[in-house]
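Biologist: I have a new chain to look at, and I would love a guided tour of one part of it. Could you start with the outside and then zoom in?

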Amino acid sequence: MGIVMISGMVFSIAAWVWMALIACIAAGNDETLSKSQKSAQISISVLVPIFGAIVVLHLVHQHQPDAIPRRLVPWPFSSIIFGEPIPENELRDDRENPLTGNIERIDRALGGMDGD
């Protein structure tokens, strides 16, 4: 049990340091920020574990996306930071949608009882 807890702590600290480092690099590369804004964002990314770095990276991405080294951002955080949408399922049949598909089928079966 002790090894699992220690491993979890080591992983959490490593994730915090990694994300804070990426946020510091991104804030430093953002040319739209003043020195005080860069200092504030770097402080937030270091002092607020993981969440602060995610917020800083998201803000930097809105103003200057090229400032973030995208290949260094780990998978679970990339969709939060970059706002990449989940790809749409091309094999989905809209008739299976319980909100619209079933209503249309029931309406057709009843002969279009929508007040006509």
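About how many Å² does the accessible surface of the chain come to, and what percentage of it belongs to carbon and sulfur atoms? After that, please take a close look at helix α1.

Modeller: Happy to! This is a predicted model, in which local features need pLDDT of at least 70 and side-chain atom pairs count only at pLDDT 80 or more, while totals for chains, interfaces and linings use all residues. Residues are numbered from 1 along each chain as its sequence is written, and side-chain values use heavy atoms, leaving out hydrogens and water.

The accessible surface is about 8,700 Å², and 65% of that belongs to carbon and sulfur atoms (areas come from the Shrake-Rupley method with a 1.4 Å probe; for residues, only the protein chains shown count as cover). The chain has five helices and zero strands (DSSP runs numbered from the N terminus: H or I, at least four residues, for helices; E, at least two, for strands). Of its 116 residues, 26% are buried (under 20% relative accessible area; exposed is over 50%, partly exposed in between, with a 1.4 Å probe and protein chains only).

Now to α1, which covers residues 2-29. One partner is α2, residues 35-47: the two pack at about 170 degrees, with their axes 9 Å apart (axes are lines fitted to C-alpha atoms, for helices over the stretch in contact; angles run from 0 to 180 degrees between N-to-C directions). The pair is therefore roughly antiparallel (over 145 degrees; under 35 is roughly parallel, 65 to 115 roughly perpendicular, the rest oblique). Where they meet, α1 offers Trp16, Ala20, Ala23, Cys24, Ala27 and Gly28, and α2 offers Lys38, Gln41, Ile42, Ser45 and Val46.

Helix α1 also supplies at least two residues of the largest nonpolar core, as do α3 and α4 (a core is a set of buried Ala, Val, Leu, Ile, Met, Phe, Trp, Tyr and Cys residues joined through side-chain atoms within 4.5 Å). Met19 is among the members of this 15-residue core that touch the most others, and so is Leu57. Beyond its neighbours within four places in sequence, Leu57 is in contact with Met19, Ile22, Ala23, Ala26, Ile68 and Ile81 (contact means heavy atoms within 4.5 Å).

Finally, Ile25 lies in α1 too. With a relative accessible area of 34%, Ile25 counts as partly exposed. Setting aside neighbours within four places, Ile25 contacts Ala67 and Pro69. The C-alpha atoms of Ile25 and Pro69 are 8.1 Å apart, although 44 residues separate the two along the chain.
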